[in-house]
Amino acid sequence: MQFARINDITIHYQVIGATAERPVLVFANSLGTDFRIWRDVIVRLAGDYAIVLYDKRGHGLSDIGPVPYAIEDHANDLAGLLDMLSVKQAIICGLSVGGLIAQSLYQQRPDLVRALVLCDTAHKIGTAELWAQRIAAIEEHGIEAIADGILERWFTPEFRRPENAALIGYRNMLIRQSATGYAATCGAIRDADYTQAAARIAVPVLCVVGDQDGSTPPDVVLATARLIPGARYEVIRDAGHIPCVEKPEALTAVLRAFFEIVMHGDKSHE
Ligand SMILES: O=C(O)CCC(=O)CC(=O)O
């Protein structure tokens with residue numbers, strides 16, 4: 001199965017590996033992307049972990065559903081999916097808005113969260129003004145009109161070479177998302193603020209960011225890490241906002257090291 005009815009909408013998902021036999025990793029995507037962005041990370045982790053991927057509402061092959069959205073709606077969808085799959089607990093890896101969804105899931109259903117990876121995300125992303133401008137631009141002109149500016153924040157100049165087929169592919173992914181789902185998710189990001197909640201997180205947390213992230217730069221992600229008790233902080237070199245696409249090998253190494261600590265404790269001082 002790849003589709004489920006969750007909270008009265010159809011959610012597109014994939015499970016790789018047996019969730020009852022291996023530690024479960026869940027990957028949540030960023031704004032304007034679908035779960036294929038994780039491909040080059042999951043091929044490196046599959047076999048050692050069971051992996052759950054899904055398209056949040058308004059993205060990929062999932063339904064758009066009723067708008068407006070709140071981040072809590074996205075988190076309820078993820079909780080519903082994990083309940084449907086009988087996953088009792090997982091390490092939740094969220095990229096950007098996916099990281100807000102992960103933080104919201106922890107607030108609503110801490111039982112489901114063994115640890116959090118907050119990748120190129122923050123306790124609060126952007127300002128009300130930034131999101132108002134973005135929503136107005138999408139509603140007036142569509143995603144394609146602002147796509148090139150978004151790609152500059154997503155990827156380094158090295159990746160944005162015109163002859164790079166992957167750049168065109170991810171641009172296609174972005175401009176083919178639903179404008180309604182994209183704008184509704186912008187509204188959800190605008191309204192999400194986990195500043196107070198961050199201090200109450202009591203599971204292991206890794207905050208990780210590309211050194212050239214133009215959307216949630218390293219200082220923003222570091223500020224989030226400093227709010228969360230015991231959070232680790234790592235920087236991926238030569239990567240923008242989406243290191244799982246641009247530097248999957250480096251990101252996977254950082255993730256593996258963190259998963260080892262979550263599973264077996266920190267042995268670096270022994
Ligand atoms: O990527 C996200 O999920 C939200 C942050 C953002 O605005 C990305 C972008 O710059 O388009």
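Me: What makes the pair of Ser 96 and the ligand a polar contact?
Reply: A polar side-chain atom of Ser 96 is 2.9 Å from an oxygen atom of the ligand, and a polar contact is a pair of N or O atoms within 3.5 Å, so the pair qualifies. The model is predicted: local features need pLDDT of at least 70, side-chain atom pairs count only at pLDDT 80 or more, and totals for chains, interfaces and linings use all residues. Residues are numbered from 1 along each chain as its sequence is written, and side-chain values use heavy atoms, without hydrogens and water.

Me: Which N or O side-chain atom, and which polar backbone atom, lie at 2.8 Å and 2.7 Å from an oxygen atom of the ligand?
Reply: The side-chain atom belongs to His 241, at 2.8 Å; the backbone atom belongs to Leu 31, at 2.7 Å. The protein covers 98% of the 310 Å² of accessible area (Shrake-Rupley method, 1.4 Å probe) that the ligand has on its own.

Me: Why do Trp 131 and Ile 150 count as residues around the ligand?
Reply: Both are among the residues around the ligand, because a residue is near a molecule if one of its heavy atoms lies within 4 Å of it. By class, this shell has six nonpolar, four polar and two charged residues; Trp and Ile count as nonpolar.

Me: How do you know that the radius of gyration of the chain agrees with a compact globule?
Reply: The rule, 2.2 Å times the number of residues to the power 0.38, is set against a radius taken over C-alpha atoms. For 270 residues it gives a value near 18 Å, and the chain has 17 Å, so the two agree. The C-alpha trace spans about 55 × 40 × 35 Å along its principal axes.

Conventions:
A polar contact is a pair of N or O atoms within 3.5 Å; within protein, one must be able to donate a hydrogen and the other to accept it, and residues adjacent in sequence count only if both atoms are side-chain atoms.
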